[in-house]
Amino acid sequence: MVHGSRTAQWGPARSEFGDPVRPGYFHPAYPWEWRINPSTQAVSDRQISTISSEFARHDPRRVGQKTRYGYFAAALGGEFGETALFDSALKLDVQDGTARISKPDGLTAPGETIFVPRPGGDGEDDGWTLTIWWNPSSEMSELVIEDAQRFGEGAPVARVVLPFRKPLGFHGNWHS
């Protein structure tokens with residue numbers, strides 16, 4: 001089983017890459033599941049949610065195993081790409097499609113939400129999420145830490161104002 005985001009079209013034709021980003025440049029992508037049977041080479045798929053979202057992450061202890069929760073950057077307000085690419089963070093139960101939304105006051109344009117397991121914890125969402133957001137009022141970035149089991153409920157565990165603005169669109173996985 002593979003989880004990811006699926007879009008009908010990715011970006012414009014190659015000749016337009018030098019143009020400024022404008023509405024319609026990016027197209028909505030939705031959480032999707034693909035089931036692959038290696039014996040029969042059959043592939044089936046299904047849409048998990050109707051919330052436009054990308055950059056799926058999960059508990060890193062479960063790489064290559066069945067997972068229940070995914071964390072995404074989501075676009076809930078306006079046309080995708082109209083004002084910011086993403087305006088919310090999403091915790092998605094991929095089994096039943098239940099979604100929890102996080103949108104801290106005054107923040108927008110979250111990057112990937114990273115799950116950090118609680119030491120000694122064994123539940124798939126027993127830990128914290130870390131997300132870097134942009135504060136358009138201060139032009140700075142903030143690291144928001146939330147209890148993953150209470151994702152989007154009330155105040156986060158911590159909001160750390162960073163001494164810089166992380167460039168929008170700076171994505172990746174970092175390992176030491």
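**Entry 1: the four-stranded sheet.** I looked up the open sheet in this predicted model and found four strands in the order 8-9-10-11, with antiparallel pairing. I noted strand 8 (114-117) and strand 11 (158-161) as the edge strands, each paired on one side only. I recorded that neighbouring strands of this sheet are turned by 25° against each other on average, with direction ignored.

**Entry 2: strands 8 and 9.** I then followed the antiparallel pairing of strand 8 with strand 9 (residues 127-135), and found four bridges between them. For Pro117 I noted Gly127 in strand 9 as the bridge partner.

**Entry 3: strands 1 to 3.** I turned to strand 1 (residues 2-7), which pairs with strand 2 (residues 29-37) in the antiparallel sense over six bridges. Within this pairing I located Gly4 opposite Trp32 of strand 2. I also traced strand 2 to strand 3 (residues 42-47): the two run antiparallel and are joined by six bridges. Here I found Arg35 opposite Ser44 of strand 3. I entered strands 2 and 3 as a hairpin with four residues between them, and in its turn I noted Gln41 with a positive phi of about 65°.

**Entry 4: nonpolar cores.** Which residues make up the largest nonpolar core? I listed nine: Tyr69, Tyr71, Ala89, Leu107, Phe115, Trp133, Val144, Ala148 and Phe151. I registered a second, separate core of seven residues, among them Ile48, Ile51, Ala74 and Val94.

**Entry 5: Ala148.** I looked up the contacts of Ala148, leaving aside its neighbours within four places in sequence, and found Tyr71, Lys91, Phe115, Asp125, Gly127, Trp128 and Thr129. Of these partners, I note that Tyr71 and Phe115 also belong to the largest nonpolar core, as does Ala148 itself.

How values were computed. Residues numbered from 1 in each chain as written. Predicted model: local features only at pLDDT ≥ 70, side-chain atom pairs only at ≥ 80, totals over all residues. Heavy atoms only, no water. Core = buried A, V, L, I, M, F, W, Y, C linked by side-chain atoms within 4.5 Å. Buried < 20%, exposed > 50% of the residue type's maximum accessible area, 1.4 Å probe, protein only. Contact = heavy atoms within 4.5 Å. Pairing = 2+ DSSP bridges. Axes fitted to C-alpha atoms, helices over the stretch in contact; angles between N-to-C directions.
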